[in-house]
Amino acid sequence: MSLDTLQANTSAWFVASLPDHGILSLVVIAFIAGLARGFSGFGAALIFIPLGGAIIGPKLISPVLLVIDGLATLGMIPPAWRSASRREVFTMAAGAVLGVPAGTAALAWVDPLTLRWAITAIAICLLALLVSGWRYHGEPRTSLTSITGLVAGLFSGAAQLGGPPVVAYWLGGKANFARVRANIILYFGISTCFSVVSYHFGGLFVQAVFALTIVILPSYAVGLYAGSKLFGLAKESTFRTIGYLLIAASAILGMPALDGLLR
């Protein structure tokens, strides 16, 4: 096969694998989601999943976010490994071993419309948890850590929305912020591996996922970088408020009842 033929076949595969609508909207949404995560440390999935799901459906948008976020944050894992409380992280990850496959099964088998309404409801509830400022202030216990991992794994498997339960649990403890941040990064690095395996066996890694990754990853990465730079230009509370508003708007606009607004 000649180089020209290979390029033509690759180009044909790429074009055929992409959805026939909403590409520009997805690129813009990915940038906003990356921006939110970059300047506040949370919120990418709570923005990207409801809005992206409204355009191409939850069964496609969730694995896309899994891939682009996993690639964009890969360099954060080695420092986190050195600083994290690994025993506690692995305890939480043990719960995710059960939660992620259960969430993936829901993503693969539940009716897409029903799943989108469920994602909207979960996003709103998790936003309320974040806005409330509630944190678990007790001593970390093995059973509770595992249960938190189970719940977070379930949300991650179904919609990549596992962040808020983990953040609420660990940020209320007595560990310093650097250790907590390392714990969170390492946990999600591990749970991402579980999700990749689970999504593979669930048949969710279709060709469109990888074609969309090629298109969307640069925008998401630029958003991450820009958000991290913007963080030093204003108060953290200001950026958190903006993040909350973006999440709320995404949850509302991503409702199935408002289909058509983003396409």
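This report walks through a predicted model of a single chain, from its overall layout down to a few individual residues.

**The overall layout**

Let's start with the broad view. The chain contains 12 helices and zero strands, so its pattern along the sequence reads α-α-α-α-α-α-α-α-α-α-α-α. There are 263 residues in the chain, and 46% of them count as buried. Looking at contacts between residues at least 6 apart in sequence, 84% join residues that are at least 24 apart.

**Two nonpolar cores**

Next comes the interior. The largest nonpolar core has 43 residues, and the members that touch the most others are Phe 48, Leu 161, Ile 216 and Tyr 220. Helices that each supply at least two residues of this core include α2 (23-40), α4 (58-72), α6 (86-109) and α11 (207-230). Helix α3 gives the most to this core, with nine residues.

Ile 216 shows what such a residue meets. Setting aside its neighbours within four places in sequence, Ile 216 is in contact with Leu 26, Ala 30, Phe 48, Val 64 and Ile 68. Another core lies apart from the largest one; it has 19 residues, among them Ala 80, Val 100, Val 166 and Val 167.

**Helix α4, an enclosed helix**

Helix α4 has 15 residues, and from its first C-alpha to its last it reaches 21 Å, close to the 21 Å expected at 1.5 Å a residue. Of those 15 residues, 11 are buried, so α4 is largely enclosed by the rest of the structure. Among the buried ones are Pro 58, Leu 60, Val 64, Ile 68 and Asp 69.

Asp 69 deserves a second look. This residue of helix α4 has a relative accessible area of 17%, which is under the 20% cut-off, so Asp 69 counts as buried. Not counting residues up to four places away in sequence, Asp 69 touches Arg 37 and Tyr 220.

**How α8 and α9 pack**

Two packed helices are described by the angle between their axes and the distance between the axes. For helix α8 (residues 142-159) and helix α9 (residues 163-170), the axes come within 8 Å and cross at roughly 155°. That angle is over 145 degrees, so α8 is roughly antiparallel to α9.

Which residues in α8 and α9 meet? From α8 come Leu 144, Thr 145, Thr 148, Val 151, Ala 152 and Phe 155, and they meet Pro 165, Val 166 and Tyr 169 in α9. The residues of this contact divide into seven nonpolar, two polar and no charged.

**Three residues side by side**

The table sets out Asp 69 with two residues from other helices.

| Residue | Helix | Relative accessible area | Class |
|---|---|---|---|
| Asp 69 | α4 | 17% | buried |
| Thr 104 | α6 | 3% | buried |
| Tyr 225 | α11 | 55% | exposed |

What does Thr 104 touch, not counting residues up to four places away in sequence? The list is Gly 157, Ala 158, Ser 198, Tyr 199 and Leu 204. The C-alpha atoms of Thr 104 and Lys 59 are separated by 9.5 Å, with their positions 45 residues apart along the chain.

Tyr 225, for its part, is exposed. The C-alpha atoms of Tyr 225 and Gly 34 are separated by 8.0 Å, although the two are 191 residues apart along the chain.

Technical notes: Residues are numbered from 1 along each chain as its sequence is written. This is a predicted model: local features need pLDDT of at least 70, side-chain atom pairs count only at pLDDT 80 or more; totals for chains, interfaces and linings use all residues. Side-chain values use heavy atoms; hydrogens and water are left out. Axes are lines fitted to C-alpha atoms, for helices over the stretch in contact, and angles run from 0 to 180 degrees between N-to-C directions. Helices (H or I, at least four residues) and strands (E, at least two) are DSSP runs, numbered from the N terminus. Angles under 35 degrees count as roughly parallel, over 145 as roughly antiparallel, 65 to 115 as roughly perpendicular and the rest as oblique. Contact means heavy atoms within 4.5 Å. Ala, Val, Leu, Ile, Met, Phe, Trp, Tyr, Cys and Pro count as nonpolar, Asp, Glu, Lys and Arg as charged, and the others, Gly among them, as polar. A nonpolar core is a set of buried Ala, Val, Leu, Ile, Met, Phe, Trp, Tyr and Cys residues joined through side-chain atoms within 4.5 Å. Buried means under 20% relative accessible area, exposed over 50%, partly exposed in between (1.4 Å probe, protein chains only). The expected span of a helix is 1.5 Å times one less than its number of residues.
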